[in-house]
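User: I would like a close look at one helix-helix packing and at what surrounds it. Please take it slowly and give the cut-offs as you go.
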Amino acid sequence: MARTRKKKPSGPETLGDRIRRFRIARGLTQAELAAQIGVLQQTITYYEVRGVSPPPALLVAIADALDVSTDILLGRKKVPERGGGAGPATSVQRQKHLKKLDELPPHDQKAVFKIIDALAERREKSRGA
C-alpha cells in the first residue's frame with residue numbers, strides 16, 4: 001500500500017520545505033542528495049520532515065549540491081527569476097526525462113525537438129479553431 005504524506009498546516013515555508021523544493025527541482029531523490037554530500041538518506045529526511053537544521057558546514061554542502069546560495073536556502077533571499085521560461089521543473093520525472101534527453105546523441109535530440117514542436121503547433125491550431 002502506498003504511503004501518503006499528511007498535509008502540513010499552511011504557514012511560512014521552513015528550511016526543510018525549501019531543501020525539499022530545491023531537491024525536487026534539481027531532479028534529485030533524498031538518497032541522491034545524501035550521496036552527493038556524504039550523509040545517510042535518513043539525514044535528509046530528518047531535515048526535510050522533522051524541521052531540524054543542519055550544522056553550518058552541512059548547510060553549505062546542501063546549498064552547493066542544490067546549486068543555490070545559503071541565503072536562498074535559508075529564506076533570506078528570493079530565487080532570482082529566470083527570463084524566458086516558466087522556472088525550474090518541479091517534477092522529478094520531468095527532470096529525469098531531461099537528463100535522458102541530454103544523454104541522447106544530437107540527431108535523436110533533434111527528433112525529440114521536432115516532435116515537441118509538432119505537438120505544440122497542433123495545440124496552437126486547436127486553440128485557434
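Within what distance do the axes of α2 and α3 come, and at roughly what angle do they cross?

Analyst: The model is a predicted one, in which local features need pLDDT of at least 70 and side-chain atom pairs count only at pLDDT 80 or more, while totals for chains, interfaces and linings use all residues. Residues are numbered from 1 along each chain as its sequence is written, and side-chain values use heavy atoms, with hydrogens and water left out.

The axes of α2 and α3 (lines fitted to C-alpha atoms over the stretch in contact, with angles from 0 to 180 degrees between N-to-C directions) come within 8 Å of each other and cross at roughly 110°. The two helices are therefore roughly perpendicular (65 to 115 degrees; under 35 is roughly parallel, over 145 roughly antiparallel, the rest oblique). On the α2 side, Q30, A31, L33, A34 and I37 are in contact (heavy atoms within 4.5 Å) with Q41, I44, T45 and E48 of α3. Sorted by class, this contact holds 5 nonpolar, 3 polar and 1 charged residues (nonpolar being Ala, Val, Leu, Ile, Met, Phe, Trp, Tyr, Cys and Pro; charged being Asp, Glu, Lys and Arg; polar the others, Gly among them).

This pair sits in a protein with 7 helices and 0 strands (DSSP runs of H or I, at least four residues, and of E, at least two, numbered from the N terminus), and the pattern along the sequence is α-α-α-α-α-α-α. Of its 129 residues, 25% count as buried (under 20% relative accessible area with a 1.4 Å probe, protein chains only; exposed is over 50%, partly exposed in between). Among contacts with a separation of 6 or more, 51% join residues 24 or more positions apart.

In soluble globular proteins, nonpolar side chains tend to be buried together. Here the largest nonpolar core (buried Ala, Val, Leu, Ile, Met, Phe, Trp, Tyr and Cys joined through side-chain atoms within 4.5 Å) has 18 residues, and those touching the most other members are I19, L33, I37, I62, L66, V68 and L73. Two or more residues of this core come from each of α1, α2 (30–37), α3 (41–50), α4 and α5 (70–73), and α4 contributes the most, with 6 residues. L33 and I37 of α2, which meet α3, are thus also listed among the core members that touch the most others.

I19 links several of these elements: apart from neighbours within four places in sequence, I19 is in contact with L33, Y47, E48, I62, L66 and L73. The helix α1 (residues 15–25) is largely enclosed by the rest of the structure, because 9 of its 11 residues are buried, namely L15, G16, D17, R18, I19, F22, R23, I24 and A25.

The axes of α1 and α4 (residues 56–66) lie 10 Å apart at an angle of about 30°, so these two helices are roughly parallel. Their contact is formed by L15, I19, F22 and R23 from α1 together with L59, I62 and L66 from α4, and by class it has 6 nonpolar, no polar and 1 charged residues.

Following α1 comes G27, with a positive phi near 75°. The C-alpha atom of G27 is 9.6 Å from that of H97, although the two residues are 70 residues apart along the chain. H97 belongs to helix α6 (residues 92–103) and is partly exposed, with a relative accessible area of 46%.
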